[in-house]
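Q: Got a minute to go through this one with me? I'd like to start with a strand and then move to the interfaces.

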Amino acid sequence: MLGVCYYPEHWPESWWERDAAEMAALGIRYVRIGEFAWSRVEPEPGRFTFEWLDRAIETLGKAGLKVVLGTPTATPPKWLVDLYPEILPHGEDGRPRGFGSRRHYTFSSAVWLRESARIVTAFAERYGQNPHVAGWQTDNEYGCHDTILSYGPEDLAAFRSWLRRRYQTPDALNEAWGNVFWSMELSSFDDAVLPVAAVTETGPAARLDFWRFSSEQVVRYNEMQTAILRRLSPGRFVTHNYMGFFHDFDHYAVSEVLDFASWDSYPLGFLEKFPFSEEERARFTRTSHPDVPAFHHDLYRGMAGNRFWVMEQQPGPVNWAPWNAVPMPGMVRLWAWEAFAHGAEVVSYFRWRQAPFAQEQMHAGLNRPDRVRSVGGEEAAQVGVELAAFGPLPENRPSPVALVFDYEASWITRIQPQGADYRHEEISYRWYEAVRRLGLDVDIVPPGADLSAYSLVLLPSLPHVSPAMLQALKATEATVLIGPRAGSKTRDFAFPDNLPPGPLAELLPITVTQVASMRPGRHAVAGDVAGGAGRWREWLETELAPVASFDDGGAAVVAHDRFIYVATWPEADLLGAIVETLALPRAGLTALPIPPDTIRIRRRGDLTFAFNYGTEPWTVPEAESKRFRLGGATIAPQDLACWEG
Amino acid sequence: MLGVCYYPEHWPESWWERDAAEMAALGIRYVRIGEFAWSRVEPEPGRFTFEWLDRAIETLGKAGLKVVLGTPTATPPKWLVDLYPEILPHGEDGRPRGFGSRRHYTFSSAVWLRESARIVTAFAERYGQNPHVAGWQTDNEYGCHDTILSYGPEDLAAFRSWLRRRYQTPDALNEAWGNVFWSMELSSFDDAVLPVAAVTETGPAARLDFWRFSSEQVVRYNEMQTAILRRLSPGRFVTHNYMGFFHDFDHYAVSEVLDFASWDSYPLGFLEKFPFSEEERARFTRTSHPDVPAFHHDLYRGMAGNRFWVMEQQPGPVNWAPWNAVPMPGMVRLWAWEAFAHGAEVVSYFRWRQAPFAQEQMHAGLNRPDRVRSVGGEEAAQVGVELAAFGPLPENRPSPVALVFDYEASWITRIQPQGADYRHEEISYRWYEAVRRLGLDVDIVPPGADLSAYSLVLLPSLPHVSPAMLQALKATEATVLIGPRAGSKTRDFAFPDNLPPGPLAELLPITVTQVASMRPGRHAVAGDVAGGAGRWREWLETELAPVASFDDGGAAVVAHDRFIYVATWPEADLLGAIVETLALPRAGLTALPIPPDTIRIRRRGDLTFAFNYGTEPWTVPEAESKRFRLGGATIAPQDLACWEG
Amino acid sequence: MLGVCYYPEHWPESWWERDAAEMAALGIRYVRIGEFAWSRVEPEPGRFTFEWLDRAIETLGKAGLKVVLGTPTATPPKWLVDLYPEILPHGEDGRPRGFGSRRHYTFSSAVWLRESARIVTAFAERYGQNPHVAGWQTDNEYGCHDTILSYGPEDLAAFRSWLRRRYQTPDALNEAWGNVFWSMELSSFDDAVLPVAAVTETGPAARLDFWRFSSEQVVRYNEMQTAILRRLSPGRFVTHNYMGFFHDFDHYAVSEVLDFASWDSYPLGFLEKFPFSEEERARFTRTSHPDVPAFHHDLYRGMAGNRFWVMEQQPGPVNWAPWNAVPMPGMVRLWAWEAFAHGAEVVSYFRWRQAPFAQEQMHAGLNRPDRVRSVGGEEAAQVGVELAAFGPLPENRPSPVALVFDYEASWITRIQPQGADYRHEEISYRWYEAVRRLGLDVDIVPPGADLSAYSLVLLPSLPHVSPAMLQALKATEATVLIGPRAGSKTRDFAFPDNLPPGPLAELLPITVTQVASMRPGRHAVAGDVAGGAGRWREWLETELAPVASFDDGGAAVVAHDRFIYVATWPEADLLGAIVETLALPRAGLTALPIPPDTIRIRRRGDLTFAFNYGTEPWTVPEAESKRFRLGGATIAPQDLACWEG
């Protein structure tokens, strides 16, 4: 189903009815509203002006639309900041980050939590049982604009409390952090400082704890909002709209109280955010890299209930990347179908109409500022027609491949990259891509998830292996492909006693005795598989014969039982060979013959979808035997097909 | 005529007389002094020690030299900063920018205005009717070292007052800024904050207003100084020395009260400041790019009275660029003549003698620190001889081509580049260059200026088209060449109701429906003209057939009546073709056959000047029929010629 | 002899005895301990817990090891910072640099000096006469993490006092700094501000004075510690461990009270710190550039007593460079022998065992965290065996070549590079390299040192030539090779009255009339020597015929009597030609035929060492006539040889 994001407060009330009618005509079923409207709902402390919002919801509802109501906490109004300046977040430089845009609050402020509860309660009391309100979105894009880590007095106080709860005694903290190292020992929790702005780097365990603390603050904040909504708005769903390539807090933990996760899909903007090569950026500038939306669909589908929405879908050029391309014709439609193929329940475009004013005036909508349907709007309308003709989509089935994605791993490798280009998000994405290039479906799962249903499990980046994770690896019969640095850290950011891979040594008889981070450059690896490697190399102590080795004979890949260990950062060719010729056969899986750069396949239930991100048509193999539901044997660039089976 | 900048306070008084005699011998007529001398004239509050300056002026005057006296407000002394620390400007980080260099004041401080008036009055009372004082320079290089925008408490208070005057009610401000967008609404002018240091970008209309406010502060400050000088120094001119490639305030508005503008010409330093390509920088490292001085001569000639001075002319290497080359032999002479060719009344070298101490000790002068004439000094002396032989130069005539240059356009595109390399100053310069490469003269004019005398008008970058500007376009019969983004913003930094090009749609039946900023790279454009384009592309809704198109058929250039619209950022080849084969024929103008990279032509009255910036000699076409006033048929590299006709 | 750095406080006491036994078995004689142990020795104000340290020293001593005890002032404990927050250093942004790592103190704080004296006294009283304590290290790596220049209130107060002592009157200061330039004149020493955070650059003389002041603070601080140790620990040596490529204070002056200098040798990390080319970095990533350790050995041998130690020697990958390679097999051994060849008395590895926790957990040791000897540990053990077999090493002999290295020159060129890539440390290193590539030994000496024993003296970078320096040049008969900018500044950072080269004009009849800093690129120089030059060029007024010239005829190299002057930044080829064909013949020296990129030769007494940094074996010329003490005629990559004679 389709949805859209709408801001009635941005437009004359006289426009609302026609807007609602046009939404319905376009095939839209859900309309998200309200998430930035605090100052219009409570223009001064305690004086509520909900009437306009009542009318907006009524207008939408009368047109047959369902409302997703956002709590407006992402934009505290000026009077609130003036009353309680302590709610402002602080930068690493210790200065408050002020009013004038959005997300100007820290999760550490007790006053902020109280005020948030107050406004959420007011919204929920007013609309919790409104028949047109189908569900809720808490806040908006937690963490956007770098707002998870805040470095102010409120944060310090909250962090000290958190440490006290976690460690009980200063000695326990000193031990966990290794504070003896540079006489950093604390004699009281009031001695603790924020791990920032010291003369040189602060302790990695302290930094990891500060990140955990900050992430847990988000969890607690979201729980608070959700609890209010559950109480006052029974029968409605609660979700949150996450972002792409953003890992500053543990999304799994936040999602625990949600009905499902949703996310905001801006494929072209993300092309600039992720460290793609300049060649890739040039080539995919108007389509995005083929795995960008898919990676996130699979990630967020794994958050809660095997469901997800795209809450915001790019409908044309955006305004926030260094360069903002116009999508190739067809992409706005393609992205929607790719989301549905990955199991999305709703694809909701951002936004109904391009705003002619303020910060996002260069961000396209389904309509132009002059109320004419935009190019993207036309493509969305086509999706609306196709969806109506298509009928219900089948249930998601589990994928044969699981990729374990861990948020703490992102924090650990950012705190201690050891090599300037060692990036958790990059190796995770590239391993996902390697499997997708072979036509296989992937589930992205948290560490510790049940892996028994999978044939192949990928661990591209998991420095800390928890007992639950180890247990899950033991309990599955899947082939497991393990990346470098796995098991290299304890929970307290220390070396494991038995050296890396720590607990994984139970499964794989190796010890990592030395590691090198390597300057940019390609190092040859040869053996049963061959290709390039770079960035990282480990020296193994093991009796296993290498499956592939570096020039000097050192092992690059070893295998034992169902476990394959990659002791380096494999480049695309080596990684592809490892997956295709080592991992898939062991896992009993078969690669599909697709052009790996441009074609992507995804199954949903008994349907197969194919998407063409390239510049040449692609002909579906054995098309004559297939029953097509969308498209046909030849898929044009930026087009797609769907067939049964 | 020649001038020079001199600092008697830097040298033993015993040197002054010989200095003055040598100036006169070199052909110098004007000597600028005093602009950094506050601490020597008022060493403690209220105690004036003008006597040394009396003697300096007398010494110069006796040698037949005229004095241009600078008000010393660019360098407030330490005691003033200690008495009134609130005069200090503040950085974006909210910290004061302290004492120890120069320009340590904010235009927002009422105390500073009072103290400035006091010292200007003291100067004017003492020297306003001195027979040797020919005129005044207010302050020095307004805005140098990024000092237009200041972010302190004084600035906030002044900005609030300014907003109150401009908008009368908070609602009007909220409407103009689109504050509803993210609940940014204000209920009082005391709610307004500086548009800086928020969590993410602040509203573009707020930022534009803050820039307008800051620019108007400079206008007001300069008016204050000028009014005092007018009152106390009748019959003397008042000017200000502007800088190159600096657009942080509206120079037209500041110039309204001046007799003429002057500017400080450092061609080699500017080569590093402007975004030239590395190839251009390498090639022109010792000559500067051929249009750098000319662009500014034409810009500043347009400020007031169709007159200008070069108040500071580079005489050798400077000290402030990343690399500081020695000019090619001949360039110090060539630059002076290029200024005269563009209408300069006086070319004044900075400085008489290289200072052996302090911040600018690596900045050359006409004399070395050891009192020997420098290499540049020898070239200046040659100019002195040539000027004497030449006799009076003719009046300026209007050019056939006008380029509209708008300061607000610079602010708008910096606030909202939308593409990382979209730069107002760059597209303006490149369009100027395109015309100059064809041998044509250009006047640079403000938006709204009378265009009726021109054959060709260029609008390279004019996002906001005011009613006056529209009227001027209607009132002329010139061919008008319009660049991308024209008319894309209202006065309040919003989309025009009819979409871009807004009011220009009256002249040209197009609507811009989508825009892309494009990653670095060349996109082919073909049709009646061909070449490369990049950075920016617009999609047009129009019934006009494209004059040239992109590969996918989208229009890159359209034309209607006398208006040509370029819907992209044309590279040099495409731009050259547009100007030469589309614009000039329509305008009834003819290109000259000159090597476009290295030769520049400029007419002044009935004289034609030619300048050789290249490495090969150039022979003037049909030289045998010309009467040469300087040089001859063959112009050596770094040489020039002047002929009648 | 070998040494090691050990942190008993990081390990269970039950491990100490085995650690000590294994050290002794490996051939280690010295163990440095204690320098980060303050919080363990004084866990709260005035409560000392020395007992554990007593036992640690006793355990080491019983194993036959000698202890080098570090004063623990590099890591003030939290309680001290809380009691006296004024000890914290401040950044250029004026903010304190806080607790959480190390070196969080400013040398300007009187309280900090008092507290430092207190803890040093406590250490010295307890261990000053301990029989196992052989000597002391003051503090640790003065200046590490940019801690020489601090910009807080304590620093301002101390700087004012220093200025008062230096200048006596404000007028003298104004004169020396050229404060008249921009009305920067001060009327009292209380007017002085730190030369930072002004609107634009502050005066260069003020900045140089602030650097001198800051350097002298280190001298004074080290004197304080040393005086206490001398008094309470007679018969023990006192040293300090300096760093590589770090020039923020005058190491000669600090060393005056030491018995010898020591330094911390991390050749692979330094490869990233120094501006090597990317090609060099890629090529030498696992060996370091061949002259990196040698340059520092020769520099620090010149500090005090013609002796030095390597206090910390890299034993494997480190953790602090952008990329951290594993040394090529053999390098850990090679580096030790290279140090001994340059005269090191002790090579002490950092550290005994890799710490599994805290900031440096990725820094290798001689042992792995699991108590197994590391790869580097095995190589150290080989050195231990070789040393034992070798017997005593001969005394150092003076080298034929001296290179004058001046710390103030580093400050001057950083304050006023004039060209973005003009780097004192780079030209100094490259000139050193040029001589080493020809197989010659070099002594690095301070300006003013006696030069009479040398055949060739290099002055790559000496902007200020003091009277003592001039006298030393007059007093030697050596050939002197002088680099650009020599003598270009007075003691007060001004032009010399006679222009550059200032006092050197007495020796060499030239005047520098213009200088250019040049954009990256190669300029041809030809004549008696030929090659490329860049970055810098001077124009000379002289009657000397050029030895080599630029394309336009301007002199690049001139010679007069025993003095050769290079008026540009010579690239490797030109520099090599200058040294080999101009300087060496005049100096009566002969180059050795070695592959200049990879082989290095060093003589110690009557022994010659050769080291192979390359990838190909190298055969020692006339090997059959040599008596080898280590290795033999053919030296494998990463191997070495030593022969008599």
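A: What follows goes through one strand of chain B and then two chain contacts.

Q: What sort of model is this, and how are things numbered?
A: This is a predicted model, in which local features need pLDDT of at least 70 and side-chain atom pairs count only at pLDDT 80 or more, while totals for chains, interfaces and linings use all residues. Residues are numbered from 1 along each chain as its sequence is written, chains are lettered from A and ligands numbered from 1 in the order in which they are written, and side-chain values use heavy atoms, with hydrogens and water left out.

Q: Which way do the residues of strand 19 of chain B point?
A: B:Phe563 and B:Tyr565 point one way, B:Ile564 and B:Val566 the other, and all are buried. Buried is under 20% relative accessible area with a 1.4 Å probe, protein chains only. Strands are DSSP runs of E, at least two residues, numbered from the N terminus.

Q: Why the alternation?
A: In a regular strand the side chains alternate between the two faces of the sheet.

Q: Which strand runs parallel to strand 19 of chain B?
A: Strand 13 (residues 479–482) of chain B, joined to strand 19 of chain B by 3 bridges. Pairing takes at least two DSSP bridges between the strands. B:Val480 has B:Phe563 as its bridge partner.

Q: And which one is antiparallel?
A: Strand 18 (residues 555–560) of chain B, with 4 bridges to strand 19 of chain B. There B:Val557 stands opposite B:Val566. The two strands form a hairpin with 2 residues between them, and B:Asp561 in the turn has a positive phi of about 55°.

Q: Switching topic: how much area do chain B and chain A bury?
A: About 4,200 Å² between them, 56% of it on carbon and sulfur atoms. That is accessible area (1.4 Å probe) lost on putting the two parts together, summed over both. The contact, meaning heavy atoms within 4.5 Å, takes 47 residues from chain B and 53 residues from chain A.

Q: How many salt bridges there?
A: The count is 4, where a side-chain nitrogen of Lys or Arg lies within 4 Å of a carboxyl oxygen of Asp or Glu. One of them links B:Arg519 and A:Glu272, with the closest N and O atoms 2.5 Å apart.

Q: Which element of chain B gives the largest share of that side?
A: Strand 14 of chain B, with 6 residues.

Q: What about chain A and chain C, how much is buried?
A: About 4,200 Å², 56% of it on carbon and sulfur atoms. C:Arg40 and A:Glu185 meet there in a salt bridge at 2.7 Å, N to O.

Key:
Buried < 20%, exposed > 50% of the residue type's maximum accessible area, 1.4 Å probe, protein only.
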